[in-house]
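Trainee: I'd like to go through this one with you, fold first and then the inside. Can we pull it up?

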Amino acid sequence: MRYQRAEFPLKLEGREAARNFFAGCFADTDPTTESLWVAHVDEQARCVYLSRHTGDEKGTDFPLRSIIADAAAHGSAGIVLAHNHPSGDSTPSQADCRATRRLASAAEALDCAILDHLVFAGRECTSLRALGLL
């Protein structure tokens, strides 16, 4: 399922702004199902496009090609990712780290940066950037 942002996009500048924004996104979803949200931002960190990819209680696919196609279509300067762990543990998995690194490599070809990848679990949130994994 995809969502187009409103006329006046929200600014996702910094970890706290991104955390607050995505917490609102997850508030409207089933916490027992994993979802991946992808926010594309311009040079001023304004969200210009948002997509949601829903999985199940075990995980969700990481649609690398779709994310890169959206970045090219919207001229994204950066991407902020967020997904939830229904398990209640916000620690990024090896698969989370691997997929994020692959996306960062692909996005680099478009001069697009992966600004952060946040992992939510209940009220907890872990940043791959803060962990030094980006």
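Mentor: Sure. Before we start, a contact here means heavy atoms within 4.5 Å. And keep in mind that the model is predicted.

Trainee: Okay, then among contacts between residues at least 6 apart in sequence, what percentage join residues at least 24 apart?

Mentor: Take the contacts in the protein whose partners sit at least 6 apart in sequence. Then keep the ones that join residues at least 24 apart, and the share is 67%.

Trainee: In what order do the helices and strands run?

Mentor: You have three helices and six strands to place. Going from the N terminus, the order is β-α-β-β-α-β-α-β-β.

Trainee: Why call the protein as compact as a globular protein of that length?

Mentor: For 134 residues the globule rule gives 14 Å. The protein comes out close to that, so it is as compact as a globular protein of that length, with a radius of gyration of 13 Å.

Trainee: Now the inside: which element gives the most to the largest nonpolar core?

Mentor: That core has 16 residues, and Phe22, Ala39, Leu50, Leu118 and Phe120 have the most contacts inside it. At least two residues each come from H1 (15–27), S2 (35–41), S3 (47–54), S4 (78–84) and S5 (113–121). With five residues, the top contributor is helix H1.

Trainee: And how many residues does the other core have?

Mentor: This one lies apart from the largest core. Leu36, Ile67, Ile79 and Leu81 are among its members, and the count is twelve.

Notes:
Residues are numbered from 1 along each chain as its sequence is written. This is a predicted model: local features need pLDDT of at least 70, side-chain atom pairs count only at pLDDT 80 or more; totals for chains, interfaces and linings use all residues. Side-chain values use heavy atoms; hydrogens and water are left out. Helices (H or I, at least four residues) and strands (E, at least two) are DSSP runs, numbered from the N terminus. The radius of gyration is taken over C-alpha atoms; the globule rule is 2.2 Å times the number of residues to the power 0.38. A nonpolar core is a set of buried Ala, Val, Leu, Ile, Met, Phe, Trp, Tyr and Cys residues joined through side-chain atoms within 4.5 Å. Buried means under 20% relative accessible area, exposed over 50%, partly exposed in between (1.4 Å probe, protein chains only).
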